[in-house]
Amino acid sequence: MDARRYNFSSGPAVLPEPVLRRAQDALWDLDGTGIGILEHSHRGAAFERVLARTEAAIRRVGGIGDDHAVLFLQGGASSQFFMVPMNLLGGGTADVCDSGIWAQKATAEAKRFGEVHVACAGANTTPSWSASPTYAHYTSNETIGGVQWREPPTPPDGVPLICDASSDIFSRPLDFDRHALVYAGAQKNLGPSGVTLVIIRRELAERGSRDLPPMLQYRTYVAERSMYNTPPTFGIYVIGEVVAWLEAQGGIPAITAHNAAKARALYDFLDGSPLFQGAAPAGARSMMNVTFRTTSPALDAKFLDEATAAGLDGLAGHRSVGGMRASLYNAFPLAGVEALVAQMADFERRHG
Ligand SMILES: *Cc1c(COP(=O)(O)O)cnc(C)c1O
């Protein structure tokens, strides 16, 4: 029962093993309090400490200053698709970058609250902004397509830049000062499902609509430090442990190098393979989600069956696109990529 498989799942996804061990202990007894993390009141001192250290670690690792609030919401990144325009658009124009399926989902929700101008078609393309956008929105990493922005797009001066960073937050440097709002569902690179991290410039939260239920206004979470109602306490605890683990690895510089080495090993193999082909455009390949396929859906299915039997789990592409997808989040080990490459090389010898 102690044989853990290589988990290439796109999310919920692999977490650092030391964090899972610590969480096991904390379920029983959080920080020597004699009460488990699932049982502590969110109003008590023990959870207050968890919340404070989680926020502090996020600020240190991300280089996030006091102009931004660090918030823990629920409802997934998908709720941010509507919460952003509901609070901020007010009948104005949202400039959006259409890099793939997640960006399109965010766009569909923005249309309920105002105008939408598609400023760029594809990641790493040059945007063509509208005359006076209320804000600009992009998706830093498209988890399904396996497409990633190299650098954030630059909107006109004074236009708030908003980023869905669900699947690459804290995998590489991100300049929070350039962003008015960054949101991320935790279950890709930060922790368990059920928490959404929102990093928002305080002044932007203040500008939001007041004609909304308090649970849907950012200012409520800022004013109450995510404690207006019961926050997702366990998820916040795990995020704190994951970010502390990340810090102990050497923070963003070290994890960036680790992630680059993993992605390079897999892309190098794909570039030399007569059978397996990368699915993303070469200039926009994701370091987090590597998408690829063979020459036929039937061979894809055979490869996936064999890989699963060999202990390589979660490699099926998203149901809307098929093929394969290897998600290589921070906690995923290089040894797992090497095992995948060996499996692909062997398959190629037999079917190439
Ligand atoms: C997974 C994902 C989402 C949706 O997240 P939920 O928490 O399931 O709502 C949104 N955007 C991106 C980029 C994602 O990877």
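**Ligand shell and aromatic rings**

Student: Which residue has a polar side-chain atom 3.0 Å from an oxygen atom of the ligand?

Tutor: Gln-187 does. This is a predicted model: local features need pLDDT of at least 70, side-chain atom pairs count only at pLDDT 80 or more, and totals for chains, interfaces and linings use all residues. Residues are numbered from 1 along each chain as its sequence is written, and side-chain values use heavy atoms, with hydrogens and water left out.

Student: What makes the Gln-187 pair a polar contact?

Tutor: A polar contact is a pair of N or O atoms within 3.5 Å. Gln-187 reaches a ligand oxygen at 3.0 Å, so the pair qualifies. Asp-164 has a polar side-chain atom 2.6 Å from a ligand nitrogen.

Student: Which helix gives the most to the shell around the ligand?

Tutor: Helix α3 (residues 76-88), with four residues.

Student: Why is the pair of Phe-276 and Phe-303 called edge-to-face?

Tutor: Ring centres must lie within 6.5 Å; planes under 30 degrees apart are stacked, over 60 edge-to-face, the rest tilted. Here the centres are 5.1 Å apart and the planes meet at 70°, so the pair is edge-to-face.

Student: What does this pair tie together?

Tutor: Phe-276 lies in the loop between α8 (251-272) and β11 (277-278), and Phe-303 in helix α9 (residues 297-309), so the pair ties together parts 27 residues apart in sequence.

Student: How do you know whether Phe-276 is buried or exposed?

Tutor: Buried means under 20% relative accessible area, exposed over 50%, partly exposed in between (1.4 Å probe, protein chains only). Phe-276 has 0%, so this residue counts as buried.

Definitions and conventions. Rings of Phe, Tyr and Trp (its six-membered ring) pair if their centres lie within 6.5 Å; planes under 30 degrees apart count as stacked, over 60 as edge-to-face and the rest as tilted. Helices (H or I, at least four residues) and strands (E, at least two) are DSSP runs, numbered from the N terminus. A polar contact is a pair of N or O atoms within 3.5 Å; within protein, one must be able to donate a hydrogen and the other to accept it, and residues adjacent in sequence count only if both atoms are side-chain atoms.
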